[in-house]
Amino acid sequence: MLSLLVVCALVASVLSNSEPQREVILFDKADGDNDGQLSRAELDNIFLAFDVNHDREVTNSEFENDWTVLYNLGAPLEARTLFIKADTNDDGHITDADLPQIFTFFDTNKDASISLDEFLTQWGELKNAPVDSIIVPVATTPSPEPPTSSHTH
Ligand SMILES: [Ca+2]
Ligand SMILES: [Ca+2]
Ligand SMILES: [Ca+2]
């Protein structure tokens, strides 16, 4: 009951601030146990929330669509920038393989949890980096071979 009161007080204090930043909202959503820190699992949830078909792979289009439409977090360009950076091994998907590096990126003081300060600072770094400094991998979507139909009537 006491912890519930604390949570209510926290929520009230957040709400009383004028227009909390989107990043703060995102952080609060991800902080499942409301301790003001993101654990590895909690950070993972941010990214896996974009995995609409639950195959534990987030594609660029899933990310961009969810970013702009579902969660209304910002512009498509911003989504693309974040995606390219979050895809640390440049294989075109955000998967479990990328998450340790993402966590390391945010946890600047290496105490195995991400504070709101760390999150906001590093998030700003991600967003403000010029996009054209990022090498965009060429999309290698294989064009489906037309079926060789042995069409005899
Ligand atoms: Ca937490
Ligand atoms: Ca990847
Ligand atoms: Ca930390």
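Where does UniProt place the feature "domain: EF-hand"? The unreviewed UniProt entry puts this feature at residues 38–73 and 94–129. The legends below describe views of a predicted model.

**Figure 1. The whole chain is built from seven helices and four strands.** Read along the sequence, the elements of this predicted model follow the order α-α-β-α-β-α-α-β-α-β-α. The chain has 153 residues, of which 15% are buried. Among contacts with a separation of 6 or more, 47% join residues 24 or more positions apart.

**Figure 2. Residues 38–73 carry an EF-hand domain annotation in the UniProt record.** Helix makes up 56% of this span and strand 8%. The C-alpha atoms at the two ends of the span are 19 Å apart. Helix α3 covers residues 40–48 and helix α4 covers residues 60–70. Strand β2 is at residues 58–59, and the loop between α3 and β2 contains Val-52.

**Figure 3. Helix α5, residues 76–86, has several buried residues.** These are Ala-79, Thr-81, Leu-82, Phe-83, Ile-84 and Ala-86. The buried residues of α5 pack against helices α3, α4, α6 and α7 and against strand β3. In the sequence, β3 is at 93–94, α6 at 99–106 and α7 at 116–128.

**Figure 4. The largest nonpolar core holds 18 residues.** The members that touch the most others are Phe-47, Phe-63, Phe-83 and Ala-86. Helices α3, α4, α5 and α6 each contribute at least two residues to this core. The most comes from α5, which gives five. For Ala-86, the contacts beyond four places in sequence are with Phe-47, Ile-94, Asp-98 and Ile-102.

**Figure 5. Helices α4 and α5 cross at roughly 135°.** Their axes come within 9 Å of each other. The angle between the axes therefore makes α4 oblique to α5. The crossing is right-handed. On the α4 side, the contact is made by Asn-60, Phe-63, Glu-64, Trp-67 and Thr-68. On the α5 side, Pro-76, Ala-79, Arg-80 and Phe-83 take part. Two of these residues, Phe-63 and Phe-83, are also among the core members with the most neighbours in the core.

**Figure 6. Val-52 sits in the loop between α3 and β2.** Why does Val-52 count as partly exposed? Val-52 is partly exposed because 14 other C-beta atoms lie within 10 Å, and a count of 12 or fewer would be exposed while 20 or more would be buried. Leaving out neighbours within four places in sequence, Val-52 is in contact with Glu-62 and Asp-66. Val-52 and Asp-66 are 14 residues apart in sequence, and their C-alpha atoms are 8.4 Å apart.

**Figure 7. Lys-127 of helix α7 touches residues of helix α5.** Not counting residues up to four places away in sequence, Lys-127 touches Glu-78 and Thr-81. Lys-127 and Glu-78 are 49 residues apart along the chain, yet their C-alpha atoms are separated by 6.6 Å. Lys-127 is partly exposed, with 13 other C-beta atoms within 10 Å. Thr-81, by contrast, is one of the buried residues of α5.

**Figure 8. Asn-72 lies in the loop between α4 and α5.** Is Asn-72 buried or exposed? Asn-72 is exposed, as 9 other C-beta atoms lie within 10 Å. The C-alpha atoms of Asn-72 and Arg-22 are separated by 9.3 Å, although the two residues are 50 apart along the chain.

**Figure 9. Asp-90 and Ala-112 have positive phi values.** Most residues other than glycine have a negative phi. For Asp-90, phi is near 55°. Asp-90 is in the loop between α5 and β3, and with 11 C-beta neighbours inside 10 Å it counts as exposed. For Ala-112, phi is about 70°. Ala-112 is in the loop between α6 and β4, the strand at residues 114–115. Ala-112 also counts as exposed, with 10 C-beta neighbours inside 10 Å.

Methods:
Residues are numbered from 1 along each chain as its sequence is written. Chains are lettered from A and ligands numbered from 1 in the order in which they are written. This is a predicted model: local features need pLDDT of at least 70, side-chain atom pairs count only at pLDDT 80 or more; totals for chains, interfaces and linings use all residues. Two residues are in contact if their C-beta atoms, placed from the backbone, lie within 7 Å. UniProt positions are given in the numbering used here, feature names are shortened, and annotations may be inferred rather than shown by experiment. A nonpolar core is a set of buried Ala, Val, Leu, Ile, Met, Phe, Trp, Tyr and Cys residues joined through C-beta atoms within 7 Å. Axes are lines fitted to C-alpha atoms, for helices over the stretch in contact, and angles run from 0 to 180 degrees between N-to-C directions. Angles under 35 degrees count as roughly parallel, over 145 as roughly antiparallel, 65 to 115 as roughly perpendicular and the rest as oblique. A crossing is left-handed if the near helix is turned anticlockwise from the far one by less than a right angle, and right-handed if clockwise.
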